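Some terms used for a protein model rest on cut-offs. The questions below ask how each term is earned.

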Amino acid sequence: MKKLILDVDTGIDDALAIAMVLGMEDVSLAGVTVVFGNTYLSYAVRNTLDVLCELGHPEIGVYPGAEYPWGQNDWLVSDHLKVIHGNNGVGNVSFKYNQRKPKNQSACDFMIEAAKKYKEELIIVNLGPLTNLANAINKNREAMSLCGTIAIMGGALTVKGNITPYAEANIFNDPAAAKYVMESGLDLTMIGLDVTLKTVIMEDDISFLKEITTVASKHIYDMAYYYYVNEEGVLGGAMHDPLAVAAAIDPSLITKWHDISLEVWQNGPGVGRIVTTGDMLVKPNKNVRYALDVNSESFKKRFKEALRKAVNRPE
Ligand code: BDR
Ligand code: CA
């Protein structure tokens, strides 16, 4: 069975991605690493612990990572993010598991250890700023090159950005780390807004959760509802992180991949923009397998089936 690490900034769509994975039978979650992003690191860690606990998996380790972007010693959550994910990062849903603690091992050390242990079997899916991944590659590139798949939810290549007109949030939140990862020479898979904006949920997609009477089902519904009502600029809630995870596990959900060489703008109004470094038709030097189209219906079907299983648990 494939082993998975989710690198999250939980975040409502991160929480939905975690829930989806817990409801899947063909993959096992080795651990969850955490980074700042949708909210502060401490909140994202708390949210991750709570979601795992509520869904019946307190045994899965949570590994805290970067608190700030590369080269910075401070970072503030924007009002824009508070609107989309709520003041606490999970749509103001409150959980009651304060006793659980994260691991002492850092996110980047856990990634390196897992890469050495599971090698080809390991899938790392980066769902927040690329800071933890950059730290792991910087610390032990050789070990990280053993991973079967490194997938990143990030980028806006053929569509507008979601945090500026040019940039997608995960790349924008740490452009220096994103540049480092993209120039690392490792094989990368990227699932960006080009496809995640095509997998949007609304009431019809989550109303089944209201028929399940567990607390977990109510909380997942409340988060998803908060998100689809508040995600700015999108009619519904785009399943950025769940789609990235599903596509990393089953690449056939993406109906059009493009092998391309990408770099990240570091300055000016276009900071965080991803652009091709050369002619799109020139094959050498490609570093990224980039998703351009998706089978949305297939994704949604799997997403809903997995959520149903995850929340339907004895309390
Ligand atoms: C990405 O940014 C975060 O807000 C979401 O959780 C997702 O990972 C979408 O741009
Ligand atoms: Ca995220």
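The questions and answers that follow deal with a sheet and a helix.

This is a predicted model, in which local features need pLDDT of at least 70, side-chain atom pairs count only at pLDDT 80 or more, and totals for chains, interfaces and linings use all residues. Residues are numbered from 1 along each chain as its sequence is written, chains are lettered from A and ligands numbered from 1 in the order in which they are written, and side-chain values use heavy atoms, with hydrogens and water left out.

Q: What makes strand 9 and strand 12 a pair?
A: Two strands pair if DSSP finds at least two bridges between them. Strand 9 and strand 12 (residues 288–294) share six bridges in the antiparallel sense, so by that definition they pair. I260 stands opposite V288 in strand 12.

Q: Why do strand 3 and strand 9 count as edges?
A: The open sheet runs in the order 3-2-1-4-5-6-12-9, with mixed pairing. Strand 3 (62–64) and strand 9 (254–260) each have a single partner strand, so one side of each is left without a neighbour in the sheet.

Q: How do you know that the span of helix 13 is close to the expected one?
A: The expected span is 1.5 Å times one less than the number of residues. Helix 13 (residues 296–311; a DSSP run of H or I, at least four residues, numbered from the N terminus) has 16 residues and reaches 22 Å from first to last C-alpha, close to the 22 Å expected.

Q: Why are the buried residues of helix 13 said to line one face?
A: Buried means under 20% relative accessible area and exposed over 50%, with partly exposed in between (1.4 Å probe, protein chains only). Among the buried residues are F299, F303 and L307. Seen down the axis, the buried residues fall within an arc of 135°, so they line one face of helix 13; the arc is that of the directions from the helix axis to the C-beta atoms. The face turned away carries the exposed E297 and K301.

Notes:
Helices (H or I, at least four residues) and strands (E, at least two) are DSSP runs, numbered from the N terminus.
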